[in-house]
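Student: I have a structure to read and some terms I do not yet follow. Could we go through them one by one?

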Amino acid sequence: MNITKNIHEWLFSLMPETTASIVEMVLIAVIYLAIFAVAGLYLVLLERRVAAWFQLRLGPNRVGYQGLLQTMADALKLVSKELTVTIKADKFLYNLAPYFVIVTALMALSLFPFSKEFQAFDINIGIFFLTAISSIGVIGILLAGWSSNNKFSLIGAMRSGVQTISYELSVGLSLLTMVVMTGSLQLSQIVEVQKSGWLIVQGHIPAIIAFCIYMVAGTAETNRAPFDLVEAESELGAGFHTEYSGMKFAYFFLAEFINMFIIAAIATTIFFGAYLSPFGITESIPLLGVFWFLAKTLALVFLMMWFRWTFPRLRIDQLLVLEWKYLLPLNLMNLILMALMVLLGLTIKF
Amino acid sequence: MDATTKTNNFKSEEYFINMGPQHPATHGVLRLLLTIDGEIIKKVEPDLGYIHRSIEKMCERDSYQQIVHLTDRMDYLSSHINNEAVCLTVENALKLEIPDRVKVIRTIIAELTRIASHTLWWGVMGMDVGALTTYFYGFRDREMINDIFEETCGARLTMNYNIPGGLMFDIHPNFVKRTKEFIAHFKTKLPEYDTLLTGNIIFQKRMKGIGILSKEDAISFGASGPVGRGSGYSCDVRKHHPYSAYDKVTFNEVLKTEGDTFARYQVRVMEMWESLSIIEQLIDNIPEGDYKVATNVVIKLPEGEYYQKVETARGELGVYIISTGTKNPYRLKFRSPGFSNLSLLNHIAVGGKIGDLVATMATLDLVIPDIDR
C-alpha cells in the first residue's frame, strides 16, 4: 500500500537505519495490539449476542448502540478489580501464566495476510510457526492450573495438557494435508496458489474432510465447548483460571476469543483463500481484501459459537477416543489420499 | 536411585477433593467429599446439613395450617404437591369429605407443578453436561406455568395454596384458558427438547451406560420417583395408591429397565407427556362446587398415627404424623424422596469420571432443601 510505503520511506529518511526499523517495528506492534484488543472486545460482544440469539434472550444491548460499548465497560470493571492471589500459590508462575497465553495469541495474529500487503510477518515456515506458537499457549494454562495450588485448577490443567497435545496432531495433520497441495508453508505463497480456486474447491473431497477435521480439532484447541473440559463449569467451577481475578482473568478470557479468531483465520487462509474475493469479483480493489478476510473469518467464528451453544460437553475419555481412534487414522488416510490426488493431478483448477 | 523409588514416581495416588458446598453442579449447598484417583471417582460421601432448618421440629410447634406453608420450603420445585401431602394427611385424619372440585384442581395443579419441575430439571441437566442453551428453553416453558400459578394463588415458588379442607381461594377465571394455552404451547415445544438434547450423539454417549442402578438396589436404597422407575421399579404412588383425582384419569407409569442415567432422563421427559395427558383429561370437566370445606379454626387431630404419601416430581413424599389430640402434632416426619435418592449416589457413581458424577447427580434431580429440611 502506498501509505505504508510513504511512512517507511519517511522514517528511513529521517533517522539512521536501525532506529528507523525499530520505530517501524514498534509502530506495527502497536497496530497489532490495537487489532488484538478490538478483536477481543468485539468477539466477546459477538459471542454474547450470538448466545442470546440461540437462547431466546436479547443479550447486552444497553451500553452504547446495540451494546457496542458493553465489553468496554466490562473491561473497565475488570481493570479496576483487585488482583487476588491465594496464599499457597506459586506467585511467580501464577503471575507469569496469563502472559504466556496472551503473548502467544498475539504472536500468532501477526502472521495472517489480512490483505495482500497487510501482513506483518511473512516467514517461509508460516504454518509450522502457527502450530508451534499455538502449542506454547498451553504452557500458560498448565502453569496457571499448577501454580494456583487448587485441586480443581490442577484437574483443569491436567485435562488441558492431555487435550491440547492430542488435538494438535489433528490440527497439524489436516493443515499438512493442504500443504501437500500448495507445496509451501509460507502463508502468502498459499494465498497465491488459491488465485486459481480456493483450496477447499481445488482439493474437493480430501480438502473438505481436512476442513471438517480441522474445525473439530481447532475447537478442541481453543478449549471451547463441546471440548471445554478445561473449564467445565459444571464439573470444575472454572478449571484452570478459578483462582484468577481482575485483569489476569481477563487475559485468559481474551486469549480464548483471540485463539478462536486465530483458528478461524487459519481456516480462512488455508481453505477459503484468505483475502481473495469469491470468483474474483473485487480483485480490482485490493483494500476490500481485509473485508473478505474478516467476513470469512467471522463466518467461521460464528460456526464455532454455534457449536458452543448447541452441543453438550464430551467426557475426557471420549475426547481422547475421538482423537486417537477416529480423527488421527482418518487424517492419516486423508493425507495419503491427498498426496495421491496431487500426484495424479486430480485437483480442480480454474 | 534404586528401582523401587523410580517406580514410585509413577505411582498414582488417591486424593481428596471437596465438591461443594459452593459448586455449580451440586445445585445448592450440598457438599460431596470425593476421593479421586486422577479422574476416576473412588468414593463419594455426601455431607449434609448446610441448609438444615429443622422443619420437622418447627412442625411440632405449629398448628396444622401453619405446617402447610413450611412444606413449601422443602422441595421448593414441587411446593404444591408438598402442600397437598400435609393437607391430605390432615383431611384423612379428620375424615373430611373433600369436594370433587378440590380434588380435580389439586390434581391439575400437581401435574402442572410436575411439568414445571421437570422443565427446570431438564434445563439444568443440560447445563450439567455442558449444553447451556437448554436452561433457557426449560425456563421459557416453566415461566408460563409460573404465570398461571401467580394468577391463581399469588405466588410463583412457595405456593401455599392448598389448605386442610380444600384450597385457599377458588381458581382464577383465566386458569382454564391459560392452562389450555400452555398445553397447546408445550406440545409443540416438548419435541424441541428431544431435537436439541436427547437426540444429540454426544449427549447419548455421555448418558448411556453410566450410573447404573439395578432394580434390586433401587428397592433396597428406597429410591422412588423417576430414579426408581428408570431402573424398572414400579413405584408411582399416583398409580398404586391413588389420591385426589388420580383414580379418575388414565395414564401410564413410565418405566425403563436400563437403570442408567439416560433411562432416568427418558423417564422424566416421558413423564411430562403423561402429565400433559392427565391435565388434558381433567381441564375441561372441573366439577362445580365448593373450593373448600369448613374446618375448625383450631384443628385438633384425633389421637393416633397418620401416614399419607404422594408422588412429587422427585418421588415419594411421605408425611407421618403422631397426634396426641392437641392442636400440634406430637411428632411429624417427612419421608423425602431426595434423601433416599441421594443415599445411592456413592453406589452408582463410584468407578465413573468426574463428568459422569455430575451427569449422574443431575439425573437424581436433587433439591437440597428437600434433603436437609
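Tutor: The questions below take the terms in turn.

Tutor: This is a predicted model, where local features need pLDDT of at least 70, side-chain atom pairs count only at pLDDT 80 or more, and totals for chains, interfaces and linings use all residues. Residues are numbered from 1 along each chain as its sequence is written, while chains are lettered from A and ligands numbered from 1 in the order in which they are written.

Student: Why is Thr242(A) called buried?

Tutor: A residue is buried if 20 or more other C-beta atoms, placed from the backbone, lie within 10 Å of its own, exposed if 12 or fewer, and partly exposed in between. Thr242(A) has 20 other C-beta atoms within 10 Å, so Thr242(A) is buried.

Student: Where in chain A is the place of Thr242(A)?

Tutor: Thr242(A) is in the loop between helix H10 (233–236) and helix H11 (246–271) of chain A. Helices (H or I, at least four residues) and strands (E, at least two) are DSSP runs, numbered from the N terminus.

Student: Which residues does Thr242(A) touch, not counting residues up to four places away in sequence?

Tutor: Two residues are in contact if their C-beta atoms, placed from the backbone, lie within 7 Å. With residues up to four places away in sequence not counted, Thr242(A) touches Ser148(A), Asn150(A), Phe152(A), Ser153(A) and Gly237(A). Gly145(A) is 97 residues from Thr242(A) in sequence, and their C-alpha atoms are 8.5 Å apart.

Student: What makes S6-S7-S8 of chain B an open sheet, and which strands stand at the edges?

Tutor: Two strands pair if DSSP finds at least two bridges between them. Eight bridges join S6(B) to strand S7 (residues 316–323) of chain B, and these two run antiparallel. One of the bridge partners in S7(B) is Val319(B), which pairs with Gln308(B). The three strands form an open sheet in the order S6-S7-S8, with antiparallel pairing. Strand S6 (304–311) and strand S8 (331–335) of chain B stand at the edges, each with a single partner strand, so one side of each has no neighbour in the sheet. From one strand to the next, the twist averages 10°.

Student: Which helix packs on the sheet?

Tutor: Helix H4 (residues 79–94) of chain B does, touching S6 and S7 of chain B, and its direction makes about 145° with that of S6(B). Axes are lines fitted to C-alpha atoms, for helices over the stretch in contact, and angles run from 0 to 180 degrees between N-to-C directions.

Student: What are the domains of chain A?

Tutor: Domain bounds come from an automatic or database domain assignment. For chain A it gives domain 1 (1–80) and domain 2 (87–344). Their centres, taken over C-alpha atoms, are separated by 20 Å. The contact takes 18 residues from domain 1 of chain A and 18 residues from domain 2 of chain A. On the domain 1 side, H2(A) gives the largest share, twelve residues.

Student: How many residues of that domain 1 side are nonpolar?

Tutor: Ala, Val, Leu, Ile, Met, Phe, Trp, Tyr, Cys and Pro count as nonpolar, Asp, Glu, Lys and Arg as charged, and the others, Gly among them, as polar. The side of domain 1 that touches domain 2 has 14 nonpolar, three polar and one charged residues.

Student: How many residues does each chain give to the contact between chains?

Tutor: Chain B gives 26 residues and chain A gives 22 residues. The chain B side divides into 13 nonpolar, six polar and seven charged.
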